[in-house]
Amino acid sequence: MDSQLPAISLTLVFFLCTFFSLARSSTIGVGYISRLLELQDRERAPPSVQEAAASAVLHRLLPSHSSSFDFQIVSKEQCGGESCFMIKNNPSFIQRGDPEILISGVTGVEILAGLHWYLKYWCGSHISWDKTGGVQLFSVPRAGLLPRVKDAGILVQRPVPLNYYQNAVASSYSFAWWDWKRWEKEIDWMALQGINFPLAFTGQEAIWQRVFQKFNLSKTDLDDFFGGPGFLAWSRMGNLHGWGGPLPHSWLNQQLILQKKILARMFELGMTPVLPAFSGNVPAALKYIFPSAKITRLGNWFSVESDLKWCCTYLLDATDPLFIEIGRAFIEQQLKEYGRTGHVYNCDTFDENTPPVDEPEYISSLGAAIFRGMQSGDNEAVWLMQGWLFSYDPFWRPPQMKALLHSVPVGRLVVLDLFAEVKPIWTTSQQFYGVPFIWCMLHNFAANIEMYGILDAIASGPVDARKSENSTMVGVGMSMEGIEQNPVVYDLMSEMAFRHNKVDVKKWIHLYSKRRYGQSVPLIQDAWNILYHTVYNCTDGAYDKNRDVIVAFPDVHPSFISVLQERYNHYGKSVSRRVALEEITDSFDQPHLWYSTSEVIHALELFIASGDELSESNPYRYDLVDLTRQALAKHANQLFLNIIEAYQLNDVHGVASHSQKFLDLVEDMDKLLACHDGFLLGPWLESAKKLAHGEEQEQQFEWNARTQITMWFDNTEKEASLLRDYGNKYWSGLLRDYYGPRAAIYFKFLIESLEEGHDFQLKDWRREWIKLTNDWQKSRNPFPVASTGNALETSRWLYNKYLRSSDT
């Protein structure tokens with residue numbers, strides 16, 4: 001790799017030239033939160049603590065180079081008045097073993113972001129989650145031979161000060177079963193990406209237990225209030241109660257200890273963790289203890305038959321004096337347990353819960369009271385609110401939005417434009433009516449596995465928002481519901497925290513493929529150019545909840561599915577067809593297809609053709625499996641249509657033949673997914689069981705883990721959950737053990753319908769499918785936690801079997 005370093009450096013001259021400027025780019029919004037920023041600066045850990053924490057990250061990441069870098073905390077004044085990092089040749093470097101590169105930054109996070117920047121653009125390396133291929137660091141030259149930067153050094157400022165991370169539901173979809181070892185790796189990853197403003201929701205149930213005890217609620221009262229470990233996110237938001245519970249006492253203590261470790265490490269690195277605040281969600285028993293309090297029962301949130309055992313939680317009106325009492329007690333208890341705070345608190349009282357009255361005056365009084373609940377416990381409190389409600393619920397018209405947003409003093413409320421890469425609110429709300437906001441990329445729902453993204457929107461959206469007239473933007477963020485997928489999307493988005501100008505994605509993606517695999521392979525670069533213009537160029541505005549037939553099987557009568565075929569040309573030849581599944585009821589979401597499948601199959605051909613050069617690369621193997629999975633998933637959608645078409649033509653042989661092809665494909669895809677650790681069911685289940693104390697807890701935790709990725713919420717014998725398959729996953733073990741058998745039941749009823757001459761028995765299909773699901777959720781059979789099989793050989797085999805002559 002050493003011979004390639006001069007070429008990489010020459011590219012950087014052009015690629016990074018926009019980052020050498022000292023020009024400040026603060027927005028009006030940054031001025032509004034200046035008090036918060038000053039407070040953060042004053043209360044950060046001492047420089048020596050942050051430098052030591054950054055050095056520890058380097059040692060965990062690249063121990064062979066622990067002495068190659070020198071880290072130093074500097075003031076904002078040395079950075080031109082902004083947060084920044086600086087990369088220089090270390091003047092004390094004389095011989096091997098001496099520090100070669102000096103990286104300075106305002107905080108430990110900036111230092112590590114600078115380290116990541118240097119490793120990326122001077123050493124051609126790549127850092128991703130372990131499940132998505134992990135790190136590629138073999139391109140980093142040996143200690144003593146690191147590339148030099150230009151004599152003046154490199155300075156990179158943040159265009160806006162805050163870099164947010166997480167989503168309230170990611171705590172359940174991705175983090176539910178993490179131990180400290182996994183959290184430590186994630187915090188390292190955050191710091192290397194420059195994230196300084198992460199959500200920190202772990203362990204709050206222990207805090208709530210102690211708070212509610214002060215209001216005379218018993219443990220039994222809380223058993224019905226908290227959801228199970230796999231569903232705590234929605235219990236916290238007041239969407240449901242008790243589902244998957246009760247929470248064991250050991251869980252409460254264990255998670256609180258974990259939270260203290262998480263917060264300590266975040267503070268050591270100079271981050272500002274965002275803590276939870278009281279949203280009004282209360283246990284049912286509080287209504288009887290305080291009969292005069294204004295407590296109302298909310299409506300049904302996706303439970304079957306409005307089952308009160310799980311749904312219709314209780315909300316304490318924010319204008320009731322008890323609200324402020326509980327809000328203050330919760331903030332104070334957190335301060336008591338954690339010893340310090342970053343003064344920023346997340347609260348989403350109306351997240352998918354509509355207020356009872358739409359009068360602006362009432363909405364304003366609610367907002368003011370919610371903030372007083374925080375401020376009474378922390379006089380410096382700043383409220384952080386997810387802006388999802390403004391795009392999700394038509395209740396929020398301009399008068400209602402203004403009433404809520406203006407109920408808090410300017411600078412004491414920051415709004416997350418949660419879905420800005422697809423449905424930005426800042427463009428239609430006069431920048432949230434003058435309130436500071438953070439431009440966020442939501443990208444992923446429910447931790448579904450789907451190759452998807454909008455790279456152009458990511459590369460330009462934050463810049464457009466910041467440069468707009470009278471901008472109130474104060475940060476960028478990643479607010480996905482689940483992580484460990486689509487690493488290219490998160491690699492680019494993390495850079496936008498330091499980008500002053502729009503990114504030329506075509507040039508960026510060219511460098512990305514070199515960095516990800518550690519070498520330049522022309523065919524792979526051609527493949528990534530195709531992927532950039534297809535799967536990573538979704539501009540139809542559709543939410544990408546993965547509804548591929550394999551993982552989200554249609555629960556509909558087959559006569560309600562229309563089969564539409566449209567041939568199209570590619571390179572002058574009719575090579576494929578697009579299909580759409582349309583349903584005349586609301587019970588079926590059609591699969592999302594926004595690109596030419598033939599082009600993506602061609603990209604797969606290029607990946608396979610490059611396998612001899614790259615098969616030793618873990619990131620390559622992950623991408624190869626994922627791309628093969630993507631192509632086969634869309635092919636399966638077509639096979640399903642062939643089955644339905646044969647059924648509608650009364651062709652029982654065709655139904656049987658195509659059904660077997662579909663089931664064979666599911667079985668083969670399971671073998672493909674088994675070739676990489678990132679696509680295994682086993683680790684998800686085993687990590688849940690490892691947190692349990694005793695057999696009973698193991699069973700409960702495993703049920704939580706299995707249920708979240710299948711039925712999700714409650715069901716009856718004849719009615720499936722309204723959230724079935726919302727958390728679907730393309731995981732080896734899940735396809736073979738659940739998705740395949742489920743599809744086989746549906747196909748059995750199709751064939752019986754034709755052979756016996758009666759209508760499709762929809763209710764009987766549901767009954768058998770639901771029984772299969774409930775039995776699977778309760779089962780305890782183990783699954784592998786390590787990959788088996790050769791990814792390249794398996795991908796090549798499946799391409800030849802299903803895709804070579806496909807007209808998908």
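# Exercises on a predicted model

Alanine 633 has a relative accessibility of 1%, so this residue counts as buried. The structure used here is a predicted model, and the exercises below start from that alanine and move on to a helix, the pockets and the cavities.

## Exercise 1: the setting of alanine 633

Work out why alanine 633 counts as buried, and find which residues it is in contact with beyond its neighbours within four places in sequence.

*Solution.* Step one is the cut-off: buried means under 20% relative accessible area. Alanine 633 comes out at 1%, and therefore counts as buried. Step two is to place the residue, which is found in helix H24. Step three is to list its partners: leaving aside neighbours within four places in sequence, alanine 633 is in contact with Asp548, Met669 and Tyr730. As a last step, try a distance: from alanine 633 to leucine 112 the C-alpha atoms are 38 Å apart in space, with the two positions 521 residues apart in sequence numbering.

## Exercise 2: checking helix H25

Test whether the end-to-end distance of helix H25 (residues 652–673) agrees or disagrees with the expected span, then describe its surroundings.

*Solution.* Begin with the rule that the expected span is 1.5 Å times one less than the number of residues. H25 has 22 residues, so the span should be 32 Å; the end C-alpha atoms are 32 Å apart, which agrees. Next, look at the N-terminal end: aspartate 651 caps H25, with a side-chain oxygen 3.3 Å from the backbone nitrogen of histidine 653. Then pick out the buried residues of H25, among them Gly654, His658, Phe662, Asp668, Met669 and Leu673. Finally, ask what they meet: the buried residues of H25 pack against helix H24 (618–648), helix H28 (734–756) and helix H30 (791–803).

## Exercise 3: two pockets

Give the volume and lining of the largest pocket, and do likewise for the second largest pocket.

*Solution.* Start with the largest pocket, which holds about 1,300 Å³ of space. It is lined by 45 residues, and Asp130, Lys131, Arg182, Lys185 and Glu484 are the closest to its centre. Two or more lining residues come from each of helix H4 (47–61), helix H7 (180–192), H24 and helix H26 (682–690). H7 gives the largest share, eight residues. By class, the lining of the largest pocket has 21 nonpolar, eight polar and 16 charged residues.

Now turn to the second largest pocket, with a volume of about 900 Å³. Its lining is made of 37 residues, with Phe302, Lys545, Asp589, Leu723 and Tyr726 nearest the centre. Sorting the lining of the second largest pocket gives 21 nonpolar, six polar and ten charged residues.

## Exercise 4: closed spaces

Find how many cavities of 30 Å³ or more there are, and describe the largest cavity and the second largest.

*Solution.* The count comes to 14 cavities of 30 Å³ or more. The largest cavity has a volume of about 230 Å³. Of its 18 lining residues, Gln204, Arg236, Met237, Ala277 and Ser279 lie nearest the centre. Helix H8 (204–214) supplies the largest share of that lining, three residues. Its lining splits into ten nonpolar, five polar and three charged residues.

The second largest cavity contains about 160 Å³ of space. It also has 18 lining residues, and the closest to its centre are Ser171, Phe175, Thr202, Arg236 and Gln255. Here the largest share, three residues, comes from H11. By class, this lining has eleven nonpolar, six polar and one charged residues.

Terms used. Residues numbered from 1 in each chain as written. Predicted model: local features only at pLDDT ≥ 70, side-chain atom pairs only at ≥ 80, totals over all residues. Heavy atoms only, no water. 1 Å grid on protein atoms, 1.4 Å probe; cavity = no way out; pocket = protein on both sides within 12 Å on 5 of 7 lines; lining within 4 Å. Points joined across faces, edges and corners; volume = space filled by probe spheres on them. Helix = DSSP H or I, 4+ residues; strand = E, 2+ residues; numbered from the N terminus. Nonpolar A, V, L, I, M, F, W, Y, C, P; charged D, E, K, R; others polar. Buried < 20%, exposed > 50% of the residue type's maximum accessible area, 1.4 Å probe, protein only. Contact = heavy atoms within 4.5 Å. Polar contact = N/O pair within 3.5 Å; in protein donor to acceptor, adjacent residues only side chain to side chain.
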